[in-house]
Amino acid sequence: MIDRLAATLNFDREALNLRHERQKVLAGNIANADTPTYKARDFDFSRELARAVERGGAEGGLTARTTSPRHLSASASSTTSLDLLYRVPDQPSLDGNTVNMDVERSYFADNSVRYQAALTILNGRIQGLKSAMQSE
């Protein structure tokens with residue numbers, strides 16, 4: 001039972017982490033809209049989510065060893081394993097920049113809405129679990 005619950009919450013955690021990482025990538029594209037020769041980046045969300053869930057998320061990653069109890073604990077970030085791709089431009093600018101602000105804004109807004117929806121669904125699941133565990 002605990003394994004199934006952990007797997008479900010792991011999926012939600014990985015989905016939220018990837019939405020957050022995609023938001024950072026899209027924000028970087030928007031921030032560099034006027035940078036000459038900047039190439040817009042993105043990643044395939046569904047493929048990255050499948051990879052993250054398959055490898056078990058952060059549990060399968062690297063762990064840092066501390067040599068003193070005063071050291072801060074560290075965890076490996078999933079950003080290093082993302083397979084960032086270059087976006088194919090509709091019409092690149094003369095300076096070589098491939099950022100299309102209309103496309104970036106629409107992807108940014110879409111990702112934001114999907115992030116909020118994932119949070120709402122996760123909150124509903126947690127509230128359901130809490131109500132099931134509480135006695136009447």
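**Group meeting talk: a walk through the chain, from the core outwards**

Hi everyone, let's start in the middle. The largest nonpolar core here has eight residues, namely A15, L18, V25, F43, F45, L49, A52 and L82. Helix 1, residues 2-31, and helix 2, residues 45-54, each supply at least two residues of that core. Before I go on, please keep in mind that this is a predicted model.

Now the overall layout, so that you can find your way on the screen. The chain has three helices and two strands, and read along the sequence they follow the pattern α-β-α-β-α. Of its 136 residues, 24% count as buried. The accessible surface comes to about 9,700 Å², with 56% of that belonging to carbon and sulfur atoms. What about contacts along the chain? Among contacts with a separation of 6 or more, 82% are between residues 24 or more positions apart.

Back to the core for a moment, and to F45. Setting aside neighbours within four places in sequence, F45 is in contact with A15, L18 and R19. Which residue lies over the face of F45? That is R19, at 3.7 Å from the ring centre. There is another arrangement of this kind on Y107: R22 lies over its face, at 5.4 Å from the ring centre. And how many aromatic pairs does a search of the whole structure find? The search finds zero.

Next, a residue I'd like you to click on: D42. You will find D42 in strand 1, residues 41-42. Is D42 buried or exposed? Its relative accessibility is 10%, and the cut-off for buried is under 20%, so D42 counts as buried. What does its side chain meet? The side chain of D42 makes a polar contact with the side chain of R87, at 2.6 Å. Leaving out neighbours within four places in sequence, D42 is in contact with R22, V25, L26, D83, L84, L85, R87 and Y107. You'll recognise V25 from the core list, and R22 and Y107 from the charge-over-ring arrangement.

R87 also takes us to helix 3, residues 101-133, where E104 is found. E104 has 0% relative accessibility, so it counts as buried. Not counting residues up to four places away in sequence, E104 touches L26, N29, I30, A40, R87 and V99. So far, then, R87 has come up as a contact of D42 and as a contact of E104.

Let's stay on helix 3 and move along to N111, which has its place there too. Buried or exposed? N111 is buried, because its relative accessibility is 0%. Setting aside neighbours within four places in sequence, N111 is in contact with R19, R22, Q23 and L26. Take L26 as an example: N111 and L26 are 85 residues apart along the chain, and their C-alpha atoms are separated by 9.1 Å.

Further along helix 3 is Y115. With a relative accessible area of 27%, Y115 is partly exposed. Which residues does Y115 contact, beyond those within four places in sequence? They are L16, R19 and H20. Y115 and R19 are 96 residues apart in sequence, yet 6.0 Å apart in space, C-alpha to C-alpha. So that is R19 once more: over the face of F45, in contact with N111 and in contact with Y115.

Now two stops away from helix 3. T8 has its place in helix 1. T8 is partly exposed, with a relative accessible area of 36%. T8 and V53 are 45 residues apart in sequence and 9.9 Å apart in space, again C-alpha to C-alpha.

The last stop is T37, in the loop between helix 1 and strand 1. What stands out about its backbone? Most residues other than glycine have a negative phi. T37 has a positive phi of about 65°, although it is not a glycine. Its relative accessible area is 54%, and the cut-off for exposed is over 50%, so T37 is exposed.

To recap for your own browsing: begin at the eight-residue core, look at R19 over F45, follow D42 to R87, and then step along helix 3 through E104, N111 and Y115. Thanks for listening!

Definitions and conventions
Residues are numbered from 1 along each chain as its sequence is written. This is a predicted model: local features need pLDDT of at least 70, side-chain atom pairs count only at pLDDT 80 or more; totals for chains, interfaces and linings use all residues. Side-chain values use heavy atoms; hydrogens and water are left out. A nonpolar core is a set of buried Ala, Val, Leu, Ile, Met, Phe, Trp, Tyr and Cys residues joined through side-chain atoms within 4.5 Å. Buried means under 20% relative accessible area, exposed over 50%, partly exposed in between (1.4 Å probe, protein chains only). Helices (H or I, at least four residues) and strands (E, at least two) are DSSP runs, numbered from the N terminus. Contact means heavy atoms within 4.5 Å. A polar contact is a pair of N or O atoms within 3.5 Å; within protein, one must be able to donate a hydrogen and the other to accept it, and residues adjacent in sequence count only if both atoms are side-chain atoms. Rings of Phe, Tyr and Trp (its six-membered ring) pair if their centres lie within 6.5 Å; planes under 30 degrees apart count as stacked, over 60 as edge-to-face and the rest as tilted. A charge sits over a ring if NZ of Lys or CZ of Arg is within 6 Å of the ring centre and within 35 degrees of the ring normal. Accessible areas come from the Shrake-Rupley method with a 1.4 Å probe; for residues, only the protein chains shown count as cover.
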